[in-house]
Amino acid sequence: MKQPRLENGILSLNSERFILRTLLPDDVSQRYVDWLNDPEINRYLEVKIPQTIEAVRSYVAGHDRRTGFLFGIFDNENRHIGNISLVIDERHDVGTIGVTIGERDYWGKNVVQEARQAVIEYAFGELELFKLSGGCKSSNVPAVYNYQRQGWKLDGIRKAHNVDRMGKRVDIVFFCKFRSDWQAERETAGAQHEI
Amino acid sequence: MRFDAKELIGRAFDMTPEGVPDDASLENFEPWDSLGHVKIIMSVEEAVGRPLDTEEALQIVSVDDLRHLLATIN
């Protein structure tokens, strides 16, 4: 794995509509904490509630920006609308991505795929990781859709591994993307562009 | 009871089966976004009369794949 290149301790990535910038504890606003305490938003997250601003700042500080990145997703008005994380196991050159969109007006607007693509490009193109993974509860159908639509492969299913809010056991579905998949996608996209 | 893949996808989007292209998939059929995907799964579950298990739901990515799934369920 190559080492990340930070500017003043910050890593920024650009997508078409958003800037992804690694968060610092001072970036944690009450609005961000409110997302985590919102039952509709935390429905599929693994967070203990209630969250406090101190606890979230401590969580943010726990990302070292070398093997653990927590990016805030900011729109073109610099509004913090969600987060995306990349946690790397450098011994094996693999990473895990997680996404939360906190601002409801951005739900259903392809933010997850766009932000995740920026992190995929960075993880494979810059850090040269071998494999990326991500997962969600099987009941989180939109998240499953996003992985499938973005060309992730099924990596495995952990049966009845979580309990949902209704007390029902649900599967956890894991998806993955290999660097070789990403390279093939780029070649295909390049060939289509030439045509 | 037999179910038709295009009929179930059409039901999800309030359109006739003829309105669903033969090669429709989540990659190329505009109504088939994340919300549309939820509607398709609900449409299939309603038709078969039970919740789909995870492996079944993961198969639903195109008309063809839904057709194969329905052949195993019907």
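**Chain B, the helices**

I count a helix as a DSSP run of H or I with at least four residues and a strand as a run of E with at least two, numbered from the N terminus. With that settled, I note that I am looking at a predicted model.

I started with chain B and read its elements along the sequence: the pattern is α-α-α-α. That gives chain B 4 helices and 0 strands. I then asked how its radius of gyration stands against the globule rule. It is 11 Å, close to the 11 Å that the rule gives for 74 residues, so chain B is as compact as a globular protein of that length. The C-alpha trace of chain B spans about 25 × 20 × 20 Å along its principal axes. I looked up burial too: 30% of the 74 residues of chain B count as buried. For contacts in chain B between residues at least 6 apart in sequence, I find that 52% join residues at least 24 apart.

Next I looked at one helix pair. Helix 1 (residues 5-12) and helix 4 (residues 63-73) of chain B pack at an angle of about 115 degrees, and their axes are 8 Å apart. I have the crossing of helix 1 of chain B with helix 4 of chain B down as right-handed. Which residues meet there? From helix 1 of chain B I list Ala5(B), Lys6(B), Leu8(B) and Ile9(B); from helix 4 of chain B, Val63(B), Leu66(B), Arg67(B) and Leu70(B). By class, this helix contact has 6 nonpolar residues, no polar ones and 2 charged ones.

**Chain A, the sheet**

I moved on to chain A and traced its sheet. It is open, has 8 strands in the order 1-2-3-4-5-6-8-7, and its pairing is mixed. Which strands stand at the edges? They are strand 1 (12-14) and strand 7 (153-163) of chain A; each has a single partner strand, so one side of each is left without a neighbour in the sheet. From one strand to the next I get an average twist of 25 degrees.

I took the strand 1 end of the sheet before the other. Strand 1 and strand 2 of chain A pair antiparallel over 3 bridges, and a hairpin of 4 residues joins them. Within that pair I see Asn14(A) bridged to Ile19(A) in strand 2 of chain A.

A reminder to myself: side chains in a regular strand alternate between the two faces of the sheet. Strand 2 (residues 19-22) of chain A shows the alternation. Leu20(A) and Thr22(A) point to one face and are buried, while Ile19(A) and Arg21(A) point to the other and are not. Strand 2 of chain A also pairs with strand 3 of chain A, antiparallel, through 4 bridges. Leu20(A) sits opposite Ile73(A) in strand 3 of chain A.

Then I went to the strand 7 end. Strand 8 (residues 169-178) of chain A runs antiparallel to strand 7 of chain A, with 7 bridges joining them. Leu154(A) is opposite Phe175(A) of strand 8 there. Strands 7 and 8 of chain A form a hairpin with 5 residues between them, and in the turn I spotted Gly167(A) with a positive phi of about 85 degrees. Strand 6 (residues 131-137) of chain A is also joined to strand 8 of chain A by 7 bridges, in an antiparallel run. For Cys136(A) I have Val173(A) of strand 8 as the bridge partner.

**Odd phi values in chain A**

I checked residues other than glycine for positive phi. Arg65(A) has one of about 60 degrees. I place Arg65(A) in the loop between helix 2 (53-61) and strand 3 (68-74) of chain A. With 16 other C-beta atoms within 10 Å, Arg65(A) is partly exposed.

Asn110(A) has a positive phi as well, near 65 degrees. Its loop lies between strand 5 (94-101) and helix 3 (111-126) of chain A. Asn110(A) has 15 other C-beta atoms within 10 Å, which makes it partly exposed.

**Where chain A touches chain B**

I finished on the contact between the chains. It takes 12 residues from chain A and 10 residues from chain B. Which elements give two or more residues to the chain A side? I find helix 4 (141-149), strand 7 and strand 8 of chain A. The largest share, 6 residues, comes from helix 4 of chain A. Sorted by class, the side of chain A that touches chain B has 6 nonpolar, 4 polar and 2 charged residues. So noted: edge strand 7 of chain A is also among the elements on that side.

Conventions: Residues numbered from 1 in each chain as written. Chains lettered and ligands numbered in written order. Predicted model: local features only at pLDDT ≥ 70, side-chain atom pairs only at ≥ 80, totals over all residues. Pairing = 2+ DSSP bridges. Axes fitted to C-alpha atoms, helices over the stretch in contact; angles between N-to-C directions. Contact = placed C-beta atoms within 7 Å. Nonpolar A, V, L, I, M, F, W, Y, C, P; charged D, E, K, R; others polar. Rg over C-alpha atoms; globule rule 2.2 N^0.38 Å. Buried ≥ 20, exposed ≤ 12 C-beta atoms within 10 Å, placed from the backbone. Left-handed = near helix turned anticlockwise from the far one by under 90°.
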